[in-house]
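Open the model in your viewer and keep the selection tool at hand. The stops below go from a strand to its sheet, then to a residue and a pair of helices.

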Amino acid sequence: MKVIGIESSCDETAVAVVEDGHRLLSNVVASSMDLHAQYGGVVPEIAARSHIEAIIPTVQSALDQANCTWDDIDGIAVTYGAGLGGSLLIGVMTARTLAISKGKPLYAINHVEGHVYANFLTTTSLPTYKMPKNQPEFPLLALIVSGGHSQLVLFRNHFDYILLGQTRDDAIGEAFDKVAKIIGLPYPGGPSISKKALEGDPYAFKLPKAKLEDKYSFSFSGLKTAVLRLAQEQIGEDFTFPSTQLPERLSEAQKANIAASFQRVAIETVVDKTILAYEEFTPRSVIIAGGVAANGELRRQLSARLPIAIEYTDIKLCTDNGAMIATLGCFKALQGQPAADPYSLEIAPNLSM
Ligand code: KG4
Ligand code: ZN
């Protein structure tokens, strides 16, 4: 069973081929990140235009890298939500057209659910991939942390899950991106904060963890504001000082200490709740998914605090990719889930889990 997965929900045009839900045959990502970096965030119109240019060559590269022709492909999986409308449209229209013209079943994939399935990939002949040795087992606790989502989900089985909690405001990746902007580190903020944090003291500053009545909910907007106030205090100014002038007034050491302290507290917040959920539900496996799952501090804290072993997938499979979409597509096909109608599948920009 070979499925090609197409992902275009944000700024990555990503296509991959996966076999039997565990073997990665190809993984090609064309990112328009460089075009967005100068604006400090993704510009939807630029992303959509870049997808139009990249999608057909990316599909072809993924087939070539997998040594496949369309005759070898058993199904097409595509992200139909959540994401940016214009971006999703390019992937979905491409997948619908290919499903009709090549006569293949079409599987509509929820992007966030897709992130979880990156952890089911265990083998590849592609160079430089570090993958888990074993597939996760059910019940499976998933911490999904990305630029758009912060969620704890308990999977009883494939396609049978409950959402334990999610963020009330910013996603954790969004908080990394915003804090990076405050202290003048480049976009995307996650990788630049974690790099800068290596030079800083994670205990240099005390920052607040949100306390919510609902035990599995997250909130990151207060932490982000606390970082802004802290940066202003550090240069002896109050809240009236324009945030755009902060980076030039902060020393490199102050930036590093702020990055390290923010990262420790943001990561502790999600790890605390993951441990709480582990104790309540005693799942057989715990996985992390989404762009922030690439974070080294998150991996370190979870491995140190979880009573069971946890395996992590390659960083290239944490940020948006087509492999996670293809993997979930394989499981949909293998488990007899209904295929989508290629003549009518619509995008769902606000899709939730
Ligand atoms: O999953 P993803 O590629 O896109 C969404 O679905 O949102 O996640 C992107 C997010 C960005 O906010 C980025 O800053 C964050 O993941 N990210 C990281 C790291 N690498 C990417 N956050 C923390 N540490 C990292 N190493
Ligand atoms: Zn994502």
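Which residue in E4 is the bridge partner of isoleucine 4? Select isoleucine 76, which is that partner. Helices (H or I, at least four residues) and strands (E, at least two) are DSSP runs, numbered from the N terminus.

This is a predicted model, in which local features need pLDDT of at least 70 and side-chain atom pairs count only at pLDDT 80 or more, while totals for chains, interfaces and linings use all residues. Residues are numbered from 1 along each chain as its sequence is written, chains are lettered from A and ligands numbered from 1 in the order in which they are written, and side-chain values use heavy atoms, with hydrogens and water left out.

**Strand E4**

Select residues 75–81, strand E4: 7 of its 7 residues are buried (under 20% relative accessible area, with exposed over 50% and partly exposed in between, for a 1.4 Å probe and protein chains only). Add strand E1, residues 2–7, which runs parallel to E4 and is joined to it by 4 bridges. Then add strand E5, residues 106–110, also parallel to E4, with 5 bridges between them. There, threonine 79 has isoleucine 109 in E5 as its bridge partner.

**The sheet**

Now show the 6 strands of the open sheet, in the order E5-E4-E1-E2-E3-E6, with mixed pairing; two strands pair if DSSP finds at least two bridges between them. E5 and E6 (123–124) are the edge strands, each pairing on one side only. Helix H3 packs on this sheet and touches E1, E4 and E5, its direction making about 155° with that of E4. Contact here means heavy atoms within 4.5 Å; axes are lines fitted to C-alpha atoms, for helices over the stretch in contact, and angles run from 0 to 180 degrees between N-to-C directions.

**Leucine 88**

In helix H3, pick leucine 88. Is leucine 88 buried or exposed? Leucine 88 counts as buried because its relative accessibility is 0%. Among the residues that leucine 88 touches, not counting those up to four places away in sequence, are Thr79, Tyr80 and Pro349. Arginine 49 is 39 residues from leucine 88 in sequence and 12 Å away in space, C-alpha to C-alpha.

**Helices H7 and H9**

Finally, select helix H7 (residues 221–234) and helix H9 (residues 252–281), which pack at about 160° with axes 11 Å apart. That angle is why H7 is roughly antiparallel to H9 (over 145 degrees; under 35 is roughly parallel, 65 to 115 roughly perpendicular and the rest oblique). Where they meet, the residues include Leu223 and Val227 in H7, and Ile258 and Phe262 in H9.
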